[in-house]
Amino acid sequence: MQIDDSPIGVPCLEEAIDRHPLLVAPQTSLIDVVNLMNQTRGNNSCLLPDFDSAIGFSSMGGMRSSCILVMEGTEILGIFTERDIVKLTAEGRDFANVKIADVMVHPVITLAENAFRDIFAALFLFRRYRIRHLVIINAEKQLVGIVSPESIRQVLRPTNLLKMRRVSEVMTTQVIHAPPTASVLSLAQMMAEHQVSCVVITKSASGNDAESGWKPVGIVTERDIVQFHALGLNLPQIQARTVMSTPLFLLSPEDSLWFAHQEMQQRRVQRLVVSWDWGAKLAIVTQTSLLRIFDPLEMYGVIETLQITVAQLETEKAKYFHSQTNPTELPLQPDLKQIHKQHIVADENLDNLIATVQSRIEHLMKNPDLSTELQQMYLGLATTEMEKIRHCLHS
C-alpha cells in the first residue's frame, strides 16, 4: 500500500479564475448567444461583432462555456447562464427575436479580487445567492474573470479529505426522472420547475412492479438543452431516448468523493448518477455538492469521522498484537525474544501515531476559530497519519 504523504490541498486560486469568459454586447440576439455558448472554446477569438475586441478571448481547453457576460465597454451589465436558457425554453420563448439585454440577469453578483483569498468566500456566495457563476472584479471594479464550481473543481489538488469522505455524504436523493419517450421540451420544463440541472432518463426495472424501482438509462442536462437549441432541433417533437447521454456511468454511495472527482475530470462532466439497491434508489452528485466538504461547517463532521476512525484503529491494533504475540499461532519456533522486541518497537510507533492524531483532533476541537487553511492542514495531516497506521497494521 502506497502512502500519500501530501498535505491536504487547497485549490490554487489564480488557476480557478477563468480570466477570459465569453463576452457579448447588449444588442446581441439570443440565438447568437446560444450558438456562441455551444462552441467549444479554443484559442481563436470568438467574440461577436461590435464588441470591444481589446478584452480578448481564450480557452479553458476544449470546454463549452456555461455562462456569458453582457458588457458595454468595461461596464458589466448582466450575466446569462445555461439555467436561463432552460427557463426560457420552458416558457416557449422565440430565441430568434430576443436580445440578450432583455433576458440577462442583473445586477451581477461580484467579489473583489483582493477578497478572493480562499475558496470559502466563493462557496458562501454560491450558497447565499443560489448561483453558480461569481464575477471577480479588481479595485477599479473592472472585470477580472469568473469563478464557478466547475473551475474550482478543475484545480482541486489530490486531497485526503476527498479520499476519506463518501458519495453518500453529499449526494442529492431528490432526483427528477422521466421516461425515454418524454419530449426534450418537457425535460426543460421539469428542470425549470424543479430548479435542477438535469433529468435522469429511466425505465421501469421490471414491468409493472413499482417497488422494483427505476433503471437509469441516460441523462439530459442543461448543457444539452443549449446544444439542442444551437442545432435547431424541434424540442417538442424530439424524444429523450434520441438525444440522451447513454450509457451512464453509475457511482455507488460508498465510493469516495476523490473517486467521484476523478471520474468527473476524466469524463468532463459536471454531475454523476448514483444508483444502489439494484437501481431501486437514485441520487445525483454534482460538482457543487462535491465542494461542500470544503465548507468550514463541514469540518465538524470531518472531526467526528476522525474520532470514530481513531477508535476503530485502536481496536484493530489491539487485535493485531494479540494475534501476533500468541505463541500458538506461530508455525515454527523462531526467536521469540526478537519478535517480542520488534512488536515493542511497532507498538510504540503505532501508539505515537495514534497519539499524534488524537492531539490534532483535540487541537481542532479546542480552537474552533482557527483559520480555514490551518483547519484543512491539521485535518490533512491527521488523515495521512491514519493511513500510515493502517499500513502498519496490514502490511
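These are my notebook entries on the largest pocket, two helix pairs and a few backbone details of a predicted model.

**Entry 1: the pocket**

I began with the largest pocket and found that about 1700 Å³ of space lies in it. I then listed the residues that line this pocket, 50 in number, and noted that the closest to its centre are Arg83, Arg130, Ile131, Arg132 and Gln195. Sorting the lining by class gave me 21 nonpolar, 14 polar and 15 charged residues.

**Entry 2: where the lining comes from**

Which elements give two or more residues to the lining of the largest pocket? I noted the strands β3 (75-81) and β12 (281-286), together with the helices α3 (82-91), α5 (119-129), α6 (149-154), α8 (184-194) and α12 (287-290). The largest share comes from α3, which supplies 7 residues. I also checked the lining against the domain bounds: domain 1 (17-49 + 63-156) and domain 2 (167-292) both contribute residues, so the pocket lies between them.

**Entry 3: helix packing around α8**

Since α3 and α8 both appear in the list of lining elements, I looked up how these helices pack. For such a pair I recorded two quantities, as two packed helices are described by the angle between their axes and the distance between the axes. The angle between α3 and α8 is about 120°, and their axes are 8 Å apart. The two helices are therefore oblique to each other, and I noted their crossing as left-handed.

I followed α8 to a second partner, helix α9 (residues 222-231), where the packing angle is about 140° and the axes lie 11 Å apart. Angles over 145 degrees would count as roughly antiparallel, so at this angle α8 is oblique to α9. The crossing of α8 and α9 is also recorded as left-handed.

**Entry 4: backbone details**

I next looked up cis peptide bonds and noted one from histidine 106 to proline 107, with omega near -5°; proline 107 has its place in the loop between α4 (100-103) and β4 (110-112). Another cis peptide bond joins threonine 246 and proline 247, with omega about 0°, and I located proline 247 in the loop between α10 (240-243) and β10 (250-251).

Finally I returned to arginine 130, which is listed among the residues closest to the centre of the largest pocket. What is the sign of phi at arginine 130? Phi is positive there, at about 55°, although the residue is not a glycine. Arginine 130 lies in the loop between α5 and β5 (134-137), and α5 is itself one of the elements that give two or more residues to the pocket lining.

How values were computed
Residues are numbered from 1 along each chain as its sequence is written. This is a predicted model: local features need pLDDT of at least 70, side-chain atom pairs count only at pLDDT 80 or more; totals for chains, interfaces and linings use all residues. Side-chain values use heavy atoms; hydrogens and water are left out. On a 1 Å grid over the protein atoms alone, a cavity is a set of points where a 1.4 Å probe fits but cannot get out, and a pocket is an open set with protein on both sides within 12 Å along at least five of seven lines; lining residues have an atom within 4 Å of a point. Grid points are joined across faces, edges and corners, and a volume is the space filled by probe spheres set on the points. Helices (H or I, at least four residues) and strands (E, at least two) are DSSP runs, numbered from the N terminus. Ala, Val, Leu, Ile, Met, Phe, Trp, Tyr, Cys and Pro count as nonpolar, Asp, Glu, Lys and Arg as charged, and the others, Gly among them, as polar. Domain bounds come from an automatic or database domain assignment. Axes are lines fitted to C-alpha atoms, for helices over the stretch in contact, and angles run from 0 to 180 degrees between N-to-C directions. Angles under 35 degrees count as roughly parallel, over 145 as roughly antiparallel, 65 to 115 as roughly perpendicular and the rest as oblique. A crossing is left-handed if the near helix is turned anticlockwise from the far one by less than a right angle, and right-handed if clockwise.
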